[in-house]
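Subject: Structure handover

Hello,

Here is the structure I promised to pass on. Please open it alongside this message.

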Amino acid sequence: MIAERLADVRRRVAQAALDAGRDPADVRLLLATKTQPVHLVREALEADARARADDPALTAVLVGENRVQELVAKGPSLAGLAPLHLIGPLQSNKVNAALRWASCIESVESLGLAERLSARATGPLDVYVQVNVSGEDSKHGVAPSEAVALAGAVAALPGLRLTGLMTVGARSDDDAVVRAGYALLRSLRDEIVAAGTPTATELSMGMSGDLELAVAEGATLVRVGSAVFGARPT
Ligand SMILES: *Cc1c(COP(=O)(O)O)cnc(C)c1O
């Protein structure tokens with residue numbers, strides 16, 4: 001079941017890439033595993049390993065957790081099986097706990113948090129700046145108007161490697177609205193790269209419901225939960 005769903009998501013991503021004239025290998029897949037028990041995450045990672053044995057062109061999936069508490073709970077069972085990203089908000093007092101398990105923090109939304117990560121990181125730590133492209137109150141991330149300045153400041157901190165930008169797309173039935181948000185993230189990324197941070201090329205955007213729109217706008221990492229694991233209990 002999970003294997004079939006994963007294969008289906010892979011097909012969707014590849015088709016969206018081809019439709020956009022992009023190489024499917026340029027779009028990686030992150031499994032958003034919030035609320036999913038370790039055995040299902042493992043099942044997905046095993047299915048991914050089998051798929052890659054059949055098709056060596058595929059790149060391995062990553063795993064993303066939203067809550068530090070859940071990252072800490074599942075970390076011991078998942079460490080070494082896949083790179084673990086934190087994709088949800090990080091409070092300063094939980095930085096140490098997060099860094100114990102996450103190799104990448106996708107949710108940097110303030111200079112204060114970046115400084116704390118910089119101070120605590122033991123090796124070069126990959127980080128994304130999270131941008132709130134839709135402006136919705138419920139969403140985390142820095143305002144688009146502040147993203148370039150924050151990215152520049154983050155990139156200058158020791159111990160951090162700014163790898164790109166992350167966003168959660170607009171909650172809208174209008175594809176044009178969702179897509180415009182993803183296009184905005186791409187243009188901010190282009191500005192940041194041009195302004196002197198050549199490593200910041202990644203665009204983490206797109207989820208189960210809208211990954212095609214994100215890939216069309218240049219996503220290099222799509223974060224998929226329910227399309228692989230089924231609907232989450234609410
Ligand atoms: C849950 C979540 C996802 C995946 O959402 P689905 O709709 O289940 O694919 C992606 N990114 C973040 C930050 C999430 O919290």
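Below are my notes on the pocket, the ligand and one residue.

Please keep in mind that this is a predicted model.

The pocket first. The largest pocket has a volume of about 830 Å³. Its lining is made up of 29 residues, and K139, V168, R171, M207 and R232 are the closest to the centre. By type, the lining splits into ten nonpolar, eleven polar and eight charged residues. Helix α7 (175-194) supplies at least two of the lining residues, and so does strand β8 (221-224).

Next, the ligand. Around it sit A32, K34, N66, I87, V168, M207, S208, R223, V224, G225, S226 and R232. Three of these residues place a polar atom by a ligand oxygen. For K34, a side-chain N or O atom is 2.7 Å from a ligand oxygen. For G225, a backbone N or O atom is 2.8 Å from one. For S226, a polar backbone atom is also 2.8 Å from a ligand oxygen.

Last, E202. This residue lies in strand β7, which covers residues 202-204. Is E202 buried or exposed? Its relative accessible area is 18%, which is under the 20% cut-off, so E202 counts as buried. Its side chain makes a polar contact of 3.3 Å with the side chain of R28. Beyond its neighbours within four places in sequence, E202 is in contact with R28, Y128, T163, G164, L165, R189 and T220.

Over to you.

Best wishes

Terms used
Residues numbered from 1 in each chain as written. Predicted model: local features only at pLDDT ≥ 70, side-chain atom pairs only at ≥ 80, totals over all residues. Heavy atoms only, no water. Helix = DSSP H or I, 4+ residues; strand = E, 2+ residues; numbered from the N terminus. Buried < 20%, exposed > 50% of the residue type's maximum accessible area, 1.4 Å probe, protein only. Polar contact = N/O pair within 3.5 Å; in protein donor to acceptor, adjacent residues only side chain to side chain. Contact = heavy atoms within 4.5 Å. 1 Å grid on protein atoms, 1.4 Å probe; cavity = no way out; pocket = protein on both sides within 12 Å on 5 of 7 lines; lining within 4 Å. Points joined across faces, edges and corners; volume = space filled by probe spheres on them. Nonpolar A, V, L, I, M, F, W, Y, C, P; charged D, E, K, R; others polar. Near = heavy atom within 4 Å.
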